[in-house]
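Visitor: I'd like a close look at one charged spot in this protein and at how the charges elsewhere are paired up. Could you walk me through it?

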Amino acid sequence: QEASLIGKIVAVRFHYRSAKLRHLASTWYEASIWQHDPKAKSGFSAQRVVVAKADVSAFESITSDFKSMGDVTVYGRIEKDPDNNQTQLRLIGRKVTVDSAGNATVDW
């Protein structure tokens, strides 16, 4: 389903984030978000995410406790990673505000 959403901004609910972030480039980090999923073979589902350097501290404020069952929602754009031909979620924030004209702004 991710391939049909390339370029779209989506909301994703999950339970916790990976504890470690991997530095990809001068301004980007890679991590993953996880949810408990009884239908999955391992009992968990994960999604690769990329986080801008400026947003790392906000991302790290999300729990990395794998026992967490609280829902967390983030917003991001589905993109195709040209280096490995996989889809990824580029995170853009957790909070949405809508102005009087109906325009939405997403921020941390």
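Guide: Let's start with Arg 17 and the company it keeps. Setting aside neighbours within four places in sequence, Arg 17 is in contact with Ser 32, Ile 33 and Trp 34, and also with Phe 59, Glu 60, Ile 62, Thr 63 and Ser 64. Keep in mind that this is a predicted model. Arg 17 sits in strand β2, which covers residues 16-17.

Now, what does a buried arginine do without a salt bridge? Arg 17 is in exactly that spot: the nearest side chain of opposite charge belongs to Glu 60, at 5.3 Å. Since a salt bridge here calls for a nitrogen of Lys or Arg within 4 Å of a carboxyl oxygen, the 5.3 Å to Glu 60 is why that pair doesn't count. What the side chain of Arg 17 does reach is backbone. The backbone oxygen of Ile 62 is 2.8 Å from it, and the backbone oxygen of Ala 19 is 3.5 Å from it. Ile 62 also turns up in the contact list above, as does Glu 60.

On to the charges that do pair up. The count comes to four salt bridges. One of them joins Glu 30 and Arg 22, with the closest N and O atoms 2.7 Å apart. Glu 30 is buried, at 16% relative accessible area, while Arg 22 is partly exposed, at 49%.

Another salt bridge brings the side chains of Arg 48 and Asp 81 together, 3.2 Å from N to O. Arg 48 is in strand β5 and Asp 81 in strand β6, so this pair ties together parts that lie 33 residues apart in sequence. How buried or exposed are the two ends? Arg 48 has 14% relative accessibility, so it counts as buried, and Asp 81 is buried too, at 8%. If you step back, Arg 22, Glu 30, Arg 48 and Asp 81 are linked in a network of salt bridges.

Then there's Arg 90, which forms a salt bridge with Glu 79, the closest N and O atoms being 2.8 Å apart. Arg 90 lies in strand β7 (residues 86-93) and Glu 79 in strand β6, so here the parts tied together are eleven residues apart in sequence. Glu 79 is partly exposed, with a relative accessible area of 22%.

Some of these residues show up again around a pocket. The second largest pocket has a volume of about 150 Å³. Its lining includes Arg 48, Asp 81 and Glu 79, along with Leu 24, Ala 25, Trp 28, Val 50, Pro 82, Asp 83 and Gln 88. In terms of strands, β3 (22-25), β5 (44-52) and β6 (72-81) each supply at least two residues of that lining. So as you look into this pocket, both ends of the Arg 48 and Asp 81 salt bridge are part of its wall.

One last stop, on a loop. Gly 70 lies in the loop between α1 (56-60) and β6. With 37% relative accessibility, Gly 70 counts as partly exposed. Apart from neighbours within four places in sequence, Gly 70 is in contact with Phe 14 and His 15. For a sense of scale, the C-alpha atoms of Gly 70 and Lys 20 are separated by 20 Å, and the two residues are 50 apart along the chain.

Methods: Residues numbered from 1 in each chain as written. Predicted model: local features only at pLDDT ≥ 70, side-chain atom pairs only at ≥ 80, totals over all residues. Heavy atoms only, no water. Helix = DSSP H or I, 4+ residues; strand = E, 2+ residues; numbered from the N terminus. Buried < 20%, exposed > 50% of the residue type's maximum accessible area, 1.4 Å probe, protein only. Lys, Arg positive; Asp, Glu negative; His and termini not counted. Polar contact = N/O pair within 3.5 Å; in protein donor to acceptor, adjacent residues only side chain to side chain. Contact = heavy atoms within 4.5 Å. 1 Å grid on protein atoms, 1.4 Å probe; cavity = no way out; pocket = protein on both sides within 12 Å on 5 of 7 lines; lining within 4 Å. Points joined across faces, edges and corners; volume = space filled by probe spheres on them.
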